[in-house]
Amino acid sequence: MGTPSLTAVTPLECSWNTLEVNHLAWLGAGLIIFGIIGSAANGLLCAGCLLGVGVPGNRVDQCHRLLLLNLSIASLGTLLLAGFPFTGPSSIYGRWIFGNACCQLFAFLRQMFGLSQMLALMLLAIERYWLFYFITKEISRMLTLKGIAWSVASCWTLAIAWAIPPLVHWGRYSCDSTRSACELDWHLLGSGQVTYNVSYLLLGIVTPSFIICFCLWRAYKVIRLLSMDTNDFITDSLGQYFITKVVAFSVIGMFLCWLPRAIIVFWTMLLRSEENENIPTSLKILSPIFVEASTIVPFIVYASIGSHVRQIILGIFKRSTLKSRHGMISLQMK
């Protein structure tokens, strides 16, 4: 029996070696399990944020709910439209089963939602830095819901714009290292792939990551300058401090989950096509599973640190009505 390959894609277009059937079966099962859990978790976050956005209350909380809703939607898109409903069955079957046209559409959506997640984290970090910067400067020019909405729309527009070029042959979408999904081809096989991959890596990954780290580090420095034992923390600032801590833990958790994927990307860019077998099979299997698991991190962090979030979640499971004035993301001290 011939070795399964990516449907409608020639061997020259997919240079990755085929994994063993039992490895692909475990990969498919893991993707489906984490995909379902991640979809449920982000669905709960979306519900909580939507319940809070229309409730009159603190403007800062309103802005944060909108930004968290943006991250949850990006994660849901990654899971449902560019995730386990397609990669799970394909992995279990042993190859991509949805055809070449769907492969290109799938890779486009994966690229768009992946960048949207990164930009959503960047907006959360910027909002945290902006908040504490103006607290210390005693300036009332805070972020508005309209400004946040424009920022979110701009980030989605940017994500779509960055996902289009490989469809028109600047860069390329092809199979991934498991040959059971489609994504950006990180091999540097031509000038188009070199310029697009390097540009996307610098502008779409490195730059947002630097901004996230800088904003959270500056917010942390500002928090340390404030004394929680005095009146330096104005009304609700202590709650905002805990929300900032939640954002920081969410960023750290998601970045750690993305680390195996980053290792494969850099490894692929440095190796020639014929050297792909040097990448460990365990890393190829763990990479997509960890990417899907990353979508659960914000839910776990918010539910762990925010006692009010846990109460809302328990209320949902008990089918009780959600009557909180402050919505889901109003963290209370333990």
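## Briefing on a predicted protein model

Histidine 169 counts as exposed because its relative accessibility is 71%, above the 50% limit for that class. The structure that contains this residue is a predicted model. Its protein chain has 10 helices and two strands, and 51% of its 334 residues count as buried.

**Overall architecture**

- Along the sequence, the elements of the protein chain follow the pattern α-α-α-α-α-β-β-α-α-α-α-α.
- Among contacts in the protein chain with a separation of 6 or more, 75% are made by residues 24 or more positions apart.
- The protein chain has an accessible surface of about 15800 Å², and carbon and sulfur atoms account for 68% of that surface.

**Residues with positive phi**

- Histidine 169 lies in the loop between H5 and strand E1 (173-175).
- The phi of histidine 169 is near 75°, a positive value in a residue other than glycine.
- Arginine 179 is placed in the loop between E1 and E2, and this residue also is not a glycine, yet has a positive phi of about 60°.
- Arginine 179 is buried because its relative accessible area is 8%, under the 20% limit for that class.
- Glycine 94, just after H3, takes a positive phi of about 105°.
- Within helix H3 itself (residues 84-93), the buried residues include Phe84, Thr87, Gly88, Ser90 and Ser91.

**The largest nonpolar core**

- The largest nonpolar core has 62 residues, of which Met112, Leu121, Trp186, Tyr200 and Ile212 touch the most other members.
- At least two residues of this core come from each of helix H1 (21-53), helix H2 (59-80), helix H4 (99-137), helix H5 (145-163), strand E2 (182-184), H6, helix H7 (237-270) and helix H9 (297-305).
- H4 gives the most to this core, with 16 residues.
- Methionine 112 touches Trp156, Ala159, Ile160 and Ala163, when residues up to four places away in sequence are not counted.
- A second, separate core has seven residues, including Cys14, Trp16, Cys175 and Leu271.

**Isoleucine 212**

- Isoleucine 212 is located in helix H6 (residues 191-225).
- Isoleucine 212 counts as buried because its relative accessibility is 0%.
- Leaving out residues up to four places away in sequence, isoleucine 212 touches Met118, Leu121, Met122, Ala125, Val251 and Phe255.
- One of these partners, valine 251, is 39 residues from isoleucine 212 in sequence, and the two are 8.3 Å apart in space, C-alpha to C-alpha.

**The largest pocket**

- The largest pocket holds about 800 Å³ of space.
- Its lining is made up of 32 residues, of which Ile205, Trp258, Arg261, Val265 and Val291 lie nearest the centre of the pocket.
- H4, E2, H6, H7 and helix H8 (281-293) each supply at least two residues of this lining.
- By residue type, the lining of the largest pocket divides into 18 nonpolar, eight polar and six charged residues.
- H4, E2, H6 and H7 each supply at least two residues of the largest pocket's lining, and each of these elements also supplies at least two residues of the largest nonpolar core.

Notes:
Residues numbered from 1 in each chain as written. Predicted model: local features only at pLDDT ≥ 70, side-chain atom pairs only at ≥ 80, totals over all residues. Heavy atoms only, no water. Helix = DSSP H or I, 4+ residues; strand = E, 2+ residues; numbered from the N terminus. Buried < 20%, exposed > 50% of the residue type's maximum accessible area, 1.4 Å probe, protein only. Contact = heavy atoms within 4.5 Å. Areas by Shrake-Rupley, 256 points an atom, 1.4 Å probe, with all protein chains shown as cover. Core = buried A, V, L, I, M, F, W, Y, C linked by side-chain atoms within 4.5 Å. 1 Å grid on protein atoms, 1.4 Å probe; cavity = no way out; pocket = protein on both sides within 12 Å on 5 of 7 lines; lining within 4 Å. Points joined across faces, edges and corners; volume = space filled by probe spheres on them. Nonpolar A, V, L, I, M, F, W, Y, C, P; charged D, E, K, R; others polar.
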